[in-house]
Amino acid sequence: MSGVGVIAGARSDVGRVRELNEDAVLAQHPVFLVADGMGGHEAGELASAAVVEAFRPLVGRNDVHPEEVVAAVEAAHAAVAAIGSTHARGAGSTLSAIVAVVQNGTSSWLVVNIGDSRVYRLVGSTLEQLTVDHSVVQELVDAGRISRSEMATYPGRNVITRAVGDSASPADYWLAPIVTGERLLLCTDGLSNDLSDEALRAGLSLGGSPEQTSHALVDQALARGGRDNITAVVVDVRSGGLTPRADDVTGGFATSERGAVQTIDVDTITSRRQRVRHD
């Protein structure tokens with residue numbers, strides 16, 4: 001990712017109700033990640049920390065390839081499963097991340113998701129959620145039984161359908177262009193449950209630095225009750241990415257062809273790694 005200028009800010013808070021912060025965060029080029037641990041009796045805290053450690057070997061590099069991100073996800077699954085095996089209630093974690101990767105000589109974001117933490121992208125005035133929640137309420141939205149606006153208050157909203165540490169919980173992957181001027185938000189559900197999409201868009205649009213913005217968003221969630229641990233990472237691409245045309249920005253770059261986010265199958269990502277293994 002040589003030549004791409006990125007700055008980031010992050011904040012994680014225990015909230016006003018919980019006694020332990022089971023969220024973990026990694027915000028060091030080229031890896032930006034949030035993880036929300038589950039399991040109780042410190043298992044959740046250990047699980048989210050293990051997810052971070054699985055990705056830490058990628059920090060500081062400009063030559064990360066997509067298959068290395070897949071390997072980090074696999075390592076996180078194994079580490080969290082090992083923690084769960086020593087705790088009566090087991091252990092699990094969400095994972096939402098963006099990693100700057102090089103594929104075919106081009107730098108892109110590889111977006112990764114397991115669970116209901118989220119990645120958003122703001123370009124111009126358009127806010128787009130890049131990830132899709134693995135949760136019971138998301139399935140109800142997909143089935144048309146509830147609206148998106150009802151997700152944050154629906155009973156059982158915290159029940160997720162995939163978690164790191166469960167071998168039957170594959171990650172979803174998307175490849176997104178790195179865009180000069182874009183602002184990305186990674187957050188746990190402690191933020192997205194308390195702040196609507198419009199509140200997030202407004203907070204991200206105020207013009208503060210990533211550090212100021214991440215703190216302000218968490219403060220807003222705390223003011224609305226802080227019922228859960230709250231984590232926010234804000235990433236600004238300052239230079240070196242794709243430059244959207246004026247009509248792209250005003251017309252919604254996130255949904256334009258140049259800004260399209262591509263879903264990637266894990267078999268496609270790992271094909272190069274498999275060839276290397278078998279050659």
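**Group meeting: a walk through the sheet and two loops**

Okay, let's start with helix α5, residues 197–204: it lies across β7 (118–123), β8, β10 (183–187) and β11, and runs at about 55° to β7. Helix α6, residues 210–223, packs on the sheet too, touching β1, β10 and β11, and its direction makes about 25° with that of β1. Bear in mind that this is a predicted model.

So what's the sheet itself? It's an open one with 5 strands, in the order β1-β11-β10-β7-β8, and the pairing is antiparallel. Which strands stand at the edges? Those are β1 (5–13) and β8 (126–129); each has a single partner strand, so one side of each is left without a neighbour in the sheet. On average, neighbouring strands here are turned by 15° against each other, ignoring direction.

Let's look at β1 and its partner. Strand β11 covers residues 230–239, and 9 bridges join β1 to β11, with the two running antiparallel. If you want one pair to click on, D13 has I230 in β11 as its bridge partner.

Now, two loops. P30 sits in the one between β2 (23–28) and β3 (31–38), and the peptide bond from H29 to P30 is cis, with omega near 0°. Then there's N104, in the loop between β5 (95–103) and β6 (106–114). N104 isn't a glycine, yet its phi is positive, near 55°. Is N104 buried or exposed? Exposed, because its relative accessibility is 76%, and over 50% counts as exposed.

Last, confidence. The chain averages a pLDDT of 90, and 90% of the residues score at least 70. Over residues 272–279, though, pLDDT stays under 50, and the model has 5 contacts beyond four places in sequence for that stretch.

Note on methods. Residues numbered from 1 in each chain as written. Predicted model: local features only at pLDDT ≥ 70, side-chain atom pairs only at ≥ 80, totals over all residues. Heavy atoms only, no water. Helix = DSSP H or I, 4+ residues; strand = E, 2+ residues; numbered from the N terminus. Buried < 20%, exposed > 50% of the residue type's maximum accessible area, 1.4 Å probe, protein only. pLDDT = per-residue confidence, 0-100. Contact = heavy atoms within 4.5 Å. Pairing = 2+ DSSP bridges. Axes fitted to C-alpha atoms, helices over the stretch in contact; angles between N-to-C directions.
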